[in-house]
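Reader: Please take a close look at one part of this model and work outward from there. I would like the reasoning in one connected account.

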Amino acid sequence: MALALSSSLKPLCSFSSSTTSPSSTQQDSFSYRPAVILPGLGNNSSDYLKLEATLKENYGVPTVVAKVSRLDWLRNAAGLVDPNYWRGTLRPRPVLDCRYLKRVDEAVQEAKELAQGGNLSLVGHSAGGWLARVYLEEFGLSHISLLLTLGTPHLPPPKGLSGVIDQTRGLLYYVEKHCSKAVYTPHLKYVCIAGRYIQGAQLFRNSTVKVESTVPIGSAQSISEDAIMNDLSTSISNTTTLRARFVGQGYKQVCGQADVWGDGVVPEVSAHLEGALNISLDGVYHSPVGSDDVLRPWYGSPAVVEKWIHHLLS
């Protein structure tokens, strides 16, 4: 049975723009394993520079980011000519061109030198989390004692649902079948963190959007403050509903259901694994791209890192 925790952050508007770093005395009293960051789908290494700096400067965590570019992800388009793509039965090789896993292994070797014989942590963001599982399966567990995933879609979508298409074209089914199951033991720990940033909504349920003006167009009639506020509330509500429906359609492609909570891209239920320590954080957005440490914090924002950094302790 999986271990599950739910941890709430403060409301978005109350996030401070600066996070107090631990004192040098506090840093010296803790020992953190070196960490290797695995970028998510479509991201490149530079998207994680701020997270890398937070880990190094605030906590003294030796950190290496796997060197991945957006061009590397475009090379995976070669999978379109593979018949398995259209059958939904892709395997990691050769579609990933071995390039991503090679870059991860290079980063692991660099981190091993920093560890000086100690163990390492893998921190996988989004697809980087399940690609870390593929890496562990192919390269072994040597020196790896923690896999911490941030907003990773671990589970493939249910088969046979109308309107649901596996976005990985079979890769997640492969991972589920062939990669080792998650564990939480003294020697190897899986920690899966999910964000609860927005709840999705079904596309057609109560889908009639009706916005009414408080006065006829061109009328000279004065508008009361209550009328303005009612109209503004209706407009905000409709905007929120439309956004929730749009996000819900993305969730549906991942887990088969639209009206669930998630980080805006990955549903909460998909980011957890049976056997792992599963944690949900309120108010956390999926990606470093488009995030804001105050208004839209993502998994790597300083105030959020504070919630999971202790898992990197030796």
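Author: Helices here are DSSP runs of H or I with at least four residues, strands are runs of E with at least two, and both are numbered from the N terminus. The model is a predicted one. On that count, the chain has 10 helices and 9 strands. Of its 314 residues, 46% count as buried. The part chosen is strand 4, together with the helix that comes before it and the elements around it.

Start with helix 6, which covers residues 99-115. From the first C-alpha to the last, its 17 residues reach 24 Å, close to the 24 Å expected at 1.5 Å a residue. Its buried residues are Y100, L101, V104, D105, A107, V108, A111 and A115. They lie on the same side of helix 6, because the arc they cover around the axis is only 165°. On the other side of the helix, K102 and E113 are exposed. The residue that follows helix 6 is Q116, and its phi is positive, near 50°.

Strand 4 takes up residues 120-125. How many of its residues are buried? The count is 6 of the 6, so strand 4 is largely enclosed by the rest of the structure. Buried here means a relative accessible area under 20%. In a regular strand, side chains alternate between the two faces of the sheet. For strand 4, L120, L122 and G124 are on one side, while S121, V123 and H125 are on the other. Both faces are covered, as the residues on each side are all buried.

Next come the pairing partners. Strand 2, residues 35-38, pairs with strand 4 in the parallel sense over 4 bridges. In this pairing L38 stands opposite G124. Strand 5, residues 144-150, also pairs with strand 4 in the parallel sense, over 6 bridges. Here the residue opposite L122 is L147. Helix 7, residues 127-139, joins strand 4 and strand 5 in a right-handed β-α-β unit.

L122 also appears in the largest nonpolar core, which has 33 residues. The residues with the most contacts inside this core are L122, W130 and Y190. At least two of its residues come from each of strand 2, helix 6, strand 4, helix 7, strand 5, helix 8 (171-178) and strand 6 (189-196). Y190 has contacts with R133, L136 and L147, among others, when residues up to four places away in sequence are not counted. L147 is thus the residue opposite L122 in the strand pairing and one of the residues touched by Y190. Y190 also touches L273, A276 and L277. A second, separate core of 26 residues includes L277, as well as I279, L281 and V305.

Two further places can be added. S270 lies in the loop between strand 8 (261-262) and strand 9 (277-282). At 2% relative accessibility, S270 counts as buried. Its contacts, leaving out residues up to four places away in sequence, are T152, P153, H154, L155, V254 and C255. A53, in helix 2 (residues 49-59), counts as partly exposed at 26% relative accessibility. Its C-alpha is separated by 9.9 Å from that of P302, which is 249 residues away along the chain. For the chain as a whole, among contacts between residues at least 6 apart in sequence, 76% join residues at least 24 apart.

Technical notes
Residues numbered from 1 in each chain as written. Predicted model: local features only at pLDDT ≥ 70, side-chain atom pairs only at ≥ 80, totals over all residues. Heavy atoms only, no water. Buried < 20%, exposed > 50% of the residue type's maximum accessible area, 1.4 Å probe, protein only. Contact = heavy atoms within 4.5 Å. Expected span 1.5 Å × (residues − 1). Arc of directions from axis to C-beta. Pairing = 2+ DSSP bridges. Right-handed = clockwise from strand over helix to strand, strands pointing away. Core = buried A, V, L, I, M, F, W, Y, C linked by side-chain atoms within 4.5 Å.
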